[in-house]
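Here are some short exercises on reading a protein model. Try each task before you turn to its solution.

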Amino acid sequence: MIIIPAIDVKGGKCVRLRQGEMAQETVYSEDPASVALRWEKEGAQRLHLVDLDGAVQGVPSNLGAIESILSRVKVPVQVGGGIRELKTIENYFSAGAAGIILGTSVVMDRSLAESACRVYPGKMIAGIDVREGKVAVRGWTTLVEEPLSDLLQRVGDLGFSAVILTDIGKDGMLQGPNLSFFQEIVPVSPLPVIASGGVTTLEDVRRLSRIAGLHGAIVGKALYAGTLALQEALKTARE
């Protein structure tokens, strides 16, 4: 299992939210690129970068900060948030992104998802966010009726390389991940699953790593709040 540090950008700053609420933010750095370089220096093999403003507005909104990160770090970076056009995907790949995450578009724009997977095989990642059992889109502001099991099958058929599953209720709460959720989903998912939401302690990392087939875990607020040290998390995940 790989550990992927998260860098969420809002208003050009590195922030973390509570349960996806845009008004519930904590600013951790005025310079997101310096944060990315820190995680790289501490051994991160991959970074997870999200344009929070873009996720809500539907258009890239923090290009300067994102391009600065992509130009300065050497490890692969996956980028998401507000990606609704093929041109945006092309621009991010040209800027140095290793993978692109489609969230809302996976649910609301099948033609874009199909085109992106065809044009960039092996590089597209589906981001599926769940709030109380329902899939949420548009920066977690809108719930949809399509069952999670059906959506997972659809993204597998479309040709995505992996799926990031986020439990919104756990995100940014420092209360531990929803282990039962991932234990249930990972065995039936047609794609490698990256868990997101609630990872707080080394014990959380250990428990997730025991889920057979879980590809990775995204860690955000725990790193910034100091409840989890990245180097220790990386070592535990390898073991």
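**Exercise 1. A glycine in a strand**

Task: Is G99 buried or exposed? Then find its strand and its contacts.

Solution.
- Step 1. Take the relative accessibility of G99, which is 1%. Buried means under 20%. G99 therefore counts as buried.
- Step 2. Note that this is a predicted model.
- Step 3. Place the residue. G99 belongs to strand 6, residues 99-102.
- Step 4. List what touches G99, leaving out residues up to four places away in sequence. The list is R46, V77, Q78, V79, F93 and K123.
- Step 5. Pick Q78 from that list. Q78 and G99 are 21 residues apart along the chain, yet their C-alpha atoms are separated by 4.4 Å.

**Exercise 2. The whole chain**

Task: Does the radius of gyration agree or disagree with that of a compact globule? Describe the rest of the fold in numbers.

Solution.
- Step 1. Count the elements. The protein has 11 helices and 12 strands.
- Step 2. Set the expectation. For 239 residues, a compact globule would have a radius of gyration near 18 Å.
- Step 3. Compare. The protein has 16 Å, which agrees.
- Step 4. Look at the box. Along the principal axes, the C-alpha atoms fill roughly 40 × 40 × 30 Å.
- Step 5. Look inside. Of the 239 residues, 55% count as buried.
- Step 6. Check the contacts with a separation of 6 or more. Residues 24 or more positions apart account for 68% of them.
- Step 7. Turn to the surface. The protein exposes about 10,100 Å², and carbon and sulfur atoms supply 46% of that area.
- Step 8. Count charges. There are 25 positive and 27 negative side chains, and the centres of the two sets lie 4 Å apart.

**Exercise 3. The faces of helix 11**

Task: Which residues of helix 11 are buried, and what do they pack against?

Solution.
- Step 1. Find the helix. Helix 11 covers residues 230-238.
- Step 2. Mark its buried residues. They are L230, A233, L234, T236 and A237.
- Step 3. Look down the axis. The buried residues of helix 11 fall within an arc of 165°, so they line one face of the helix.
- Step 4. Turn to the face away from the buried side. The exposed residues Q231 and R238 sit there.
- Step 5. Name the partners. The buried residues pack against strand 1 (2-10), helix 1 (32-41), helix 9 (202-209) and helix 10 (221-225).

**Exercise 4. Two partners of helix 11**

Task: Where do the buried residues of helix 9 and helix 1 fall, seen down each axis?

Solution.
- Step 1. Start with helix 9. D204, V205 and L208 are buried.
- Step 2. Read the arc. These buried residues of helix 9 fall within 100°, so they line one face of the helix.
- Step 3. Find the cover. It includes strand 1, helix 8 (179-185), strand 11 (193-196), strand 12 (216-219) and helix 11.
- Step 4. Go to helix 1. Its buried residues are P32, A33, V35, A36, W39 and E40.
- Step 5. Read this arc too. The buried residues of helix 1 fall within 160°, so they line one face of the helix.
- Step 6. Step past the end. Just after helix 1, G43 takes a positive phi of about 115°.

**Exercise 5. A leucine and an arginine**

Task: Are L214 and R16 buried or exposed?

Solution.
- Step 1. Place L214 in the loop between helix 9 and strand 12.
- Step 2. Apply the cut-off, under 20%. At 7% relative accessibility, L214 counts as buried.
- Step 3. Check its contacts, leaving aside neighbours within four places in sequence. They are M1, V186, V193, A195 and L208.
- Step 4. Place R16 in strand 2, residues 13-18.
- Step 5. Use the relative accessible area of R16, which is 6%. R16 is therefore buried.

Methods:
Residues are numbered from 1 along each chain as its sequence is written. This is a predicted model: local features need pLDDT of at least 70, side-chain atom pairs count only at pLDDT 80 or more; totals for chains, interfaces and linings use all residues. Side-chain values use heavy atoms; hydrogens and water are left out. Helices (H or I, at least four residues) and strands (E, at least two) are DSSP runs, numbered from the N terminus. The radius of gyration is taken over C-alpha atoms; the globule rule is 2.2 Å times the number of residues to the power 0.38. Buried means under 20% relative accessible area, exposed over 50%, partly exposed in between (1.4 Å probe, protein chains only). Contact means heavy atoms within 4.5 Å. Accessible areas come from the Shrake-Rupley method with a 1.4 Å probe; for residues, only the protein chains shown count as cover. Lys and Arg count as positive and Asp and Glu as negative; His and the chain ends are not counted. The place of a charge is taken as NZ of Lys, CZ of Arg, CG of Asp or CD of Glu. The arc is that of the directions from the helix axis to the C-beta atoms.
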